[in-house]
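Visitor: I should like to examine this model through a series of questions. Please reason each answer through to the value or name requested.

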Amino acid sequence: MRILLTTYQGGLAGSTHSIAFLAEGLANRGHQVYLAGKKDTRLFEKLKNTAVHLVPMRFKSKLDMQTVKAIKELVEAEKIEVINAQSSKDRYLAIFAKWKYKLDVKLVHTRRQRPESIGGWLQNSFYIKGTDKIVVVSDELKNIFIQKGFPAEHLHVIYNGTPAEQYQNIDEQRVQELRNELALSSNDTVIGCVARMKEQDQLVKALPHLDENIKVVFAGIPEGSLDHYIKRYKVKQKVIYAGKLSHRDTLHLYKLLNVNVLPSTMDGFGLVLVEAMAMGTPVVATRSGGIVDVVDDGINGLLFENNNIPDLSKKIKTVLFDDEVRQSFIKNGKVTAFEKFSLDKTIDNYEKFFYELLESPTLKN
């Protein structure tokens with residue numbers, strides 16, 4: 001197959017890794033895969049020495065007709081069969097390109113997060129009529145889209161996946177270096193939160209209910225971004241900002257954490273939870289969105305009710321101090337990461353889905 005993935009993003013986010021894994025995985029199976037995006041991004045850096053063909057595109061706005069033309073030229077020159085648009089601007093532009101130039105191509109959107117800006121008749125109609133299908137990354141996310149007015153038959157669930165090989169050959173020396181850089185000792189009890197800004201204030205609010213000797217590491221957010229909450233709630237624990245780590249360093253960071261907390265209501269999936277499970281780090285997360293498809297409450301981690309701070313603090317204590325529960329989560333979490341959410345399974349599902357799409361009648365707009 002000849003496949004074009006598009007995204008105007010590609011920075012520090014779980015979606016960057018998911019798109020990179022998908023693109024490289026399909027290319028490694030012999031498909032001609034093109035990725036159109038901004039060249040000075042982590043995504044391009046991750047894929048520069050792979051079989052994926054990287055095509056710089058500016059994606060200036062949702063009405064960027066220059067990029068619409070660039071998409072058309074690429075589709076025609078490379079005989080693209082499937083466009084898979086990943087982000088908001090390129091989702092619009094891919095539809096415009098197909099409509100304006102009557103491109104003979106299947107068009108798929110992938111949605112990875114809870115939709116905040118859809119639900120109106122006009123925009124829903126635009127997305128539904130403009131695409132052959134919409135991929136969502138969890139069953140719960142599919143339910144949310146249905147509630148927003150999308151027909152169930154237009155939605156197709158494919159879970160994100162994680163490659164088993166990235167967890168091999170973890171460098172214990174690098175783990176120790178990170179421990180030293182973050183001023184942690186091997187005896188510390190450490191709560192981690194690996195995410196962009198995603199309601200981390202919930203975790204801060206829970207800290208006064210926890211032991212003062214616990215240390216807390218926030219990775220992926222700017223230095224000082226939670227200081228006003230820390231001051232307001234009179235947090236006594238040592239709070240450490242790890243900054244924006246490389247993906248490799250993030251995997252090493254999990255080795256320093258006794259629990260990884262994701263207090264988010266934005267996630268359509270929660271790849272950081274899968275990665276933590278793969279690294280043997282128990283997880284606590286919000287009962288929200290696609291997170292519930294990853295965390296089987298009481299089996300491979302714990303879920304707390306959004307904005308229920310006593311519930312969150314109770315769940316953190318359980319993971320930290322109930323060793324039987326903790327060991328069960330570690331064991332079951334690895335099964336979840338390496339079996340349920342394996343990258344091979346994700347690539348299998350995308351391959352099958354794209355082949356079936358190409359055999360189906362062309363959508364008439």
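Guide: Before the questions begin, one term is needed: a contact means heavy atoms within 4.5 Å. The model is predicted.

Visitor: What share of the contacts with a separation of 6 or more joins residues 24 or more positions apart?

Guide: The contacts considered are those in the protein chain with a separation of 6 or more. Residues 24 or more positions apart account for a share of these contacts equal to 68%.

Visitor: How many helices and how many strands does the protein chain contain, and what is its radius of gyration?

Guide: The protein chain holds 15 helices and 13 strands. For 365 residues the globule rule gives 21 Å, and the protein chain comes close to that value, so it is as compact as a globular protein of that length. Its C-alpha trace spans about 65 × 45 × 35 Å along the principal axes. The radius of gyration is 21 Å.

Visitor: What percentage of the residues is buried, and what percentage of the exposed area comes from carbon and sulfur atoms?

Guide: Of the 365 residues in the protein chain, buried residues make up 56%. The protein chain exposes about 15900 Å². The part of this area supplied by carbon and sulfur atoms is 47%.

Visitor: How far apart are the mean positions of the positive and negative charges?

Guide: The protein chain carries 51 positive and 44 negative charges. The separation between the mean positions of these two sets is 6 Å.

Visitor: Which elements are included in what covers the buried residues of helix H5?

Guide: Helix H5 comprises residues 121–130, and its buried residues are Gln123, Asn124, Ser125, Phe126, Tyr127 and Gly130. The cover of these buried residues includes helix H4 (88–101), strand E5 (106–111) and strand E6 (133–136).

Visitor: What is the geometry of the aromatic pair formed by tryptophan 99 and phenylalanine 126?

Guide: The model has 14 aromatic pairs. In the pair of tryptophan 99 and phenylalanine 126, the centres are 5.5 Å apart and the planes make an angle of 85°. This pair links distant parts of the chain, since tryptophan 99 lies in helix H4 and phenylalanine 126 in helix H5, 27 residues apart. An angle over 60 degrees counts as edge-to-face, and the geometry of this pair is therefore edge-to-face.

Visitor: Is tryptophan 99 buried or partly exposed, and is phenylalanine 126 buried or exposed?

Guide: The cut-off for a buried residue is under 20% relative accessible area, and partly exposed residues lie between that and 50%. Tryptophan 99 has a relative accessible area of 32%, so it is partly exposed. Phenylalanine 126 has 14%, so this residue is buried.

Visitor: What is the angle between the planes of phenylalanine 145 and phenylalanine 150?

Guide: Both phenylalanine 145 and phenylalanine 150 are buried. They form an edge-to-face pair with centres 5.2 Å apart, and the angle between their planes is 80°.

Visitor: Which residues do ring pairs link into a cluster?

Guide: Tryptophan 99 and phenylalanine 126, already described as a pair, both belong to this cluster. The full membership is Tyr92, Phe96, Trp99, Phe126 and Tyr127.

Visitor: What is the phi of lysine 79, and what is that of asparagine 307?

Guide: Most residues other than glycine have a negative phi. Lysine 79 lies in the loop between helix H3 (65–78) and strand E4 (82–85), and is exposed, with a relative accessible area of 61%. Asparagine 307 is found in the loop between strand E13 (302–304) and helix H13 (309–321), and is exposed at 56%. Both phi values are positive: for lysine 79 about 55°, and for asparagine 307 near 70°.

Visitor: Which residues does aspartate 64 contact, leaving aside neighbours within four places in sequence?

Guide: Aspartate 64 is in the loop between strand E3 (53–56) and H3. With a relative accessible area of 4%, aspartate 64 is buried. Its C-alpha atom is 8.8 Å from that of lysine 89, which is 25 residues apart in sequence. Beyond its neighbours within four places, aspartate 64 contacts Arg58, Phe59 and Leu93.

Visitor: What distance separates the C-alpha atoms of lysine 72 and alanine 97?

Guide: Lysine 72 is placed in helix H3. Leaving aside neighbours within four places in sequence, lysine 72 is in contact with Tyr101 and Leu103. Lysine 72 and alanine 97 are 25 residues apart along the chain, and their C-alpha atoms are separated by 5.9 Å.

Key
Residues numbered from 1 in each chain as written. Predicted model: local features only at pLDDT ≥ 70, side-chain atom pairs only at ≥ 80, totals over all residues. Heavy atoms only, no water. Helix = DSSP H or I, 4+ residues; strand = E, 2+ residues; numbered from the N terminus. Rg over C-alpha atoms; globule rule 2.2 N^0.38 Å. Buried < 20%, exposed > 50% of the residue type's maximum accessible area, 1.4 Å probe, protein only. Areas by Shrake-Rupley, 256 points an atom, 1.4 Å probe, with all protein chains shown as cover. Lys, Arg positive; Asp, Glu negative; His and termini not counted. Charge placed at Lys NZ, Arg CZ, Asp CG, Glu CD. Phe/Tyr/Trp six-rings, centres within 6.5 Å; stacked < 30°, edge-to-face > 60°.
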